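This report goes through selected backbone features of the structure shown here. Sheets come before unusual backbone geometry.

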Amino acid sequence: MTMCGVCDSHYAVPYWQPESLTESPSRRHAPQPCTHTTGHMAETSDSSNSSGSPDLSSSLPTLVADVGAFNTRVSLLERVEGAFRLAGVARVPSTIEPPVSDAMLGVSRALAELERTTGWSAAREQVSKLAVTSVSLTVVTSVLSLGDNRALNRLLETLQTLPITPVDIFDLNHRPPDAYQFVYQRLIDSPLDALVILGNDADKDWEIEIARLGEIVLRVVAAHRSAWQLTLVFIGSGAHAQYLRTFLGERVSLHHMTPAADESTRLDLPALDSLVQSLARAKRRGRLPNYDGFSEWAGTDPTAYQDALSRVTQQLARRYSIHVLSLDLGASHVAAVSSLPNGEVRQASLDGFGALRSPQNILLEAGREAIERWLPYDLDESRLDAYLLHRLAHPAALPTTIESLVLEHAFAREALRNVVELIDDYTVDGKRSAPCAAADVIIGCGATLGSAPRLIQAVSMMLDAVQPAGFTQFALDRAGALPALLLDRAIEEGDPLLEQDVLLSLGVSISPSGRMEENRPALRLRAGMPSRSPEEVQVNYGAMELIPWEGGSGSTLEAWPATRLNLGVGRGRGAEPRAHLYGGAIGLIVDARGRPLDLADNKDKRQAKVLEWMQSTGAYPTLSFSGRTN
Amino acid sequence: MDAVHGRVPHPLLLRENELAMATMLALRGTANPPTPTPQVGRYLLRLHRVLPADGEISVQPGDKVEPHTLVGTCALTPQRVVLDLASLLGVPPDRIEESLVVAQGEGCAEGTLIAVHRRFFGLRTRTVTAPLTGHVAALSSRSGLAWFETESHTVALPAGLYGSVIDVTPRREVVIEAEAVVVRGVYAIGGEASGNLTTVLTQSAESDERLILVSREPATIDTLRRAYQLQAAAVVAPSAVRADMAALGMDPLARPSSHTWKGPPLLLTEGFRGQAMTDTLWELLTAQPVSWATVVARPDQHLFLLILPIRSLAPKDAWTRFGPGSRLKRAGASAEPGEGRLEAFLPFPIGVPSGLRLSAAEMIDTEERRSQAPISELEWLM
């Protein structure tokens, strides 16, 4: 959270206020900067339209088709009283998997459903079209380094800007004796698309090292029973690459790259960038049957969902001069984009870590204890196996018990936490940027978050995964129509109504950081609304509470933390938002659990706390987890 | 041939980035709902048969192919093992060539002595044996390494099903189009295989006939071991218990790439709780006129398919004579109102009493009225 050095006892927090834009057209392009700090002024326009998005300057209705792993959505945007509005969204099961492998079949069905529900007819009108897909976003990659730490860090900084899912990073420069066996086993266990090997010109024993690496890669490829082809990128000298090539057969595609002479910055490898981009495109094309038909329908190649999410997040960050974090938890992937008002953006995506299709991957990475800590009941082996096997056989099935819903959400928390940690670990020139926990607005999208039965469940998942501090506003792409915001012209024209149509404002969380004794007063709130006198609420440490509050013009919100806690302006100092916040669909979410969140080691105590949080927020029905009604 | 398993490795190789068995176009609007168990439907498939490396394609567009038809062959790079001879023998790198007791390129069996170094009149002798059956391919006097490699082997790529070649990518890929019935399972492992469906494995070691064992009861360790011993092409079972699968090296909750099961592909149609096969599916798999089938088991791509020739769902020979849109009339009826066109064979399952031998078809008469007619009463006009 940006510090304010001028305010006395209160802190000015930039916030997201889309609804305020409806009040005065003159304010639409000029979000108010914080008057006490610098660097908050937003860039209010982004005229770039590089992805071939439809031009909304015309009055044509626009269709946005989004083909995902499980669902295909079509959104219809129409001009209503001069402004573009989301007129309808239709969702049908995707048809990208055998035996029906045709993405366009799902799009056609979604269009038919859209016509049925809205009465609009595509045949009668000329329309603009935009194609988006969230299938196969990234190239799954591991890194083997024979180079020194500096070279490895430079490579990693380069890779973090590319669409890859990082699996393993092996630093073989100071390896233990059994390193090669470990590397072999991990490579066997990992379904890689690409392997990057960073060579070391100074190594006297390079011939032995490269021979061993070549042998391992060949054994890994030979162990696969399919026609899997591994793309191997070798960064190092030409002689070493040539030597490595002698080991690899036809099933390994070797690309040799030489780093630029300037070693002070990131590796200058435009060839690596273009190679990864082309691999990602080829992978997407392979996983999206009838890709050409989908492209032909839209008149341009489908936009990757992560790119759409990234651009929308950047638009919002610049437009409102805030730090925006978008979380996308799809059926088979998880992604996050963090964008600062100055245009700095960090993004990460993990293919194969969706909470629906592959919870076992999340379990393998996070560990059972990490999943179990979010549950208010014992997770024995058989129950966990039954859940995972059920998901394996029926990935799109809805949970039929509260227990399985809670378990699904526990996996979701860990998937989100993984991707958020990945972003927080990113460095630029060795320096880290603002953590995700400092986001002013957190936007949730994707199948698991967007389709959560209760809105507070989506908020809880995002809160637990990100653990934001201070005041944070939450929004949700409930309809799955977020790519509609890609239509830059709509934003430029100042169409806040479209923004409100797409993003449901959920509420505001107030989360002090720091720790103190349990069950002692942690936070005192005064929430006022124009129609009634201010309401004062006191929340104890370790508790979560929901407070109905509409916010908006004329409302007030003030918070005073206990002396050991901090709302961003110093321990014990009171704070209030810079301008009017809106309570959204939920209101205020007071999260007095402290930061970093401390989940007790004692299992009984931890389960009791988790159950208490669930019940105090009304996140789940009041059922006991043995299946009996309380 | 695969020396270990006695059968052709990689029977039907697929390109990873393709959606495996590749592009399948829906013939009718019966797209898969998200969680079918199992799902059966009639589809127009386009199957990409891809060689793992550049090789020779032996068919042309327009060719009719049968399951056994070889559509391509290629040679795969041999396995290479690096031996640090200098360290193993305790000699300087430039002296390892003197230590070899077999010539470079000379074939030797696994365990054969390939290098020896004697010191102190033979009192301290170090030896190196062949790690695999193969030959010493190269030596490096700079590093003291030796490359030991196996013989290259040829991969023969069969078509795997009845169909027509519609496209060929030289040296690499064949696209086969086929009309087929597809059963979508809930899980499968082991790659791909084709063969004749059977309920009892009586295959002798000498027989070339490849059989896919269909079990109505859950697969057990014994079932799968027996199928392995008898060299079954694949096993189709309703369910299996995770512990049994894990014991055989195919834990469904482990990453697919870490599976060690080398036996025939296994396809589950119901789940993991010991369910039995449904009557309708059992009838489909055991009472069809053409018993050839292909199992596609690609857990890394969530691809669990059993593909049957389209004739499986219709009276024998019927599919050679008619299809949707064909004009037909009821036997013995006059042109009006008995004449009409075939809309569809009734999709499976809709409670056809006799199971899956389709007994009825949906027809639309000249006044666009739909009706169901027993196939035996229909006369085909074209």
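The text below covers two sheets, the helices on one of them, and a few backbone exceptions in a predicted model.

**The sheet in chain A**

Chain A holds an open sheet of five strands with mixed pairing, in the order β3-β2-β1-β4-β10. Its edge strands are β3(A), residues 83-93, and β10(A), residues 303-304, each pairing on one side only. Strand β2(A), residues 71-80, runs antiparallel to β3(A), and 10 bridges join the two. In this pair, Asn71(A) stands opposite Pro93(A) of β3(A).

Two helices of chain A can be placed against these strands. Helix α1(A), residues 103-118, lies across β1(A) (62-67), β2(A) and β3(A). The direction of α1(A) is at about 125 degrees to β3(A). Helix α7(A), residues 291-298, also packs on the sheet, where it touches β1(A) and β4(A) (128-133). Between α7(A) and β4(A) the angle is about 145 degrees.

**The sheet in chain B**

In chain B, an open sheet has three strands in the order β3-β5-β11, and the pairing is antiparallel. The edges are formed by β3(B), residues 56-57, and β11(B), residues 153-158, each of which pairs on one side only. Two bridges join β3(B) to β5(B), residues 70-76. Across this pair, Glu56(B) stands opposite Thr73(B) of β5(B).

**Backbone exceptions in chain A**

Most residues other than glycine have a negative phi, and most peptide bonds are trans. The table lists two residues with positive phi.

| Residue | Phi | Loop | Other C-beta atoms within 10 Å |
|---|---|---|---|
| Asn290(A) | near 60 degrees | between α6(A) (270-287) and α7(A) | 21 |
| Ser321(A) | about 55 degrees | between α8(A) (305-320) and β11(A) (324-329) | 23 |

Are Asn290(A) and Ser321(A) buried or exposed? A residue is buried if 20 or more other C-beta atoms lie within 10 Å of its own. Asn290(A) has 21 such atoms and is therefore buried. Ser321(A) has 23 and is therefore buried. Neither residue is a glycine.

Which residues does a cis peptide bond join? The bond lies between Arg595(A) and Pro596(A), with omega about -5 degrees. Pro596(A) is part of the loop between β23(A), residues 587-591, and α17(A), residues 603-616.

Terms used. Residues are numbered from 1 along each chain as its sequence is written. Chains are lettered from A and ligands numbered from 1 in the order in which they are written. This is a predicted model: local features need pLDDT of at least 70, side-chain atom pairs count only at pLDDT 80 or more; totals for chains, interfaces and linings use all residues. Two strands pair if DSSP finds at least two bridges between them. Helices (H or I, at least four residues) and strands (E, at least two) are DSSP runs, numbered from the N terminus. Two residues are in contact if their C-beta atoms, placed from the backbone, lie within 7 Å. Axes are lines fitted to C-alpha atoms, for helices over the stretch in contact, and angles run from 0 to 180 degrees between N-to-C directions. A residue is buried if 20 or more other C-beta atoms lie within 10 Å of its own, exposed if 12 or fewer, and partly exposed in between; C-beta atoms are placed from the backbone.
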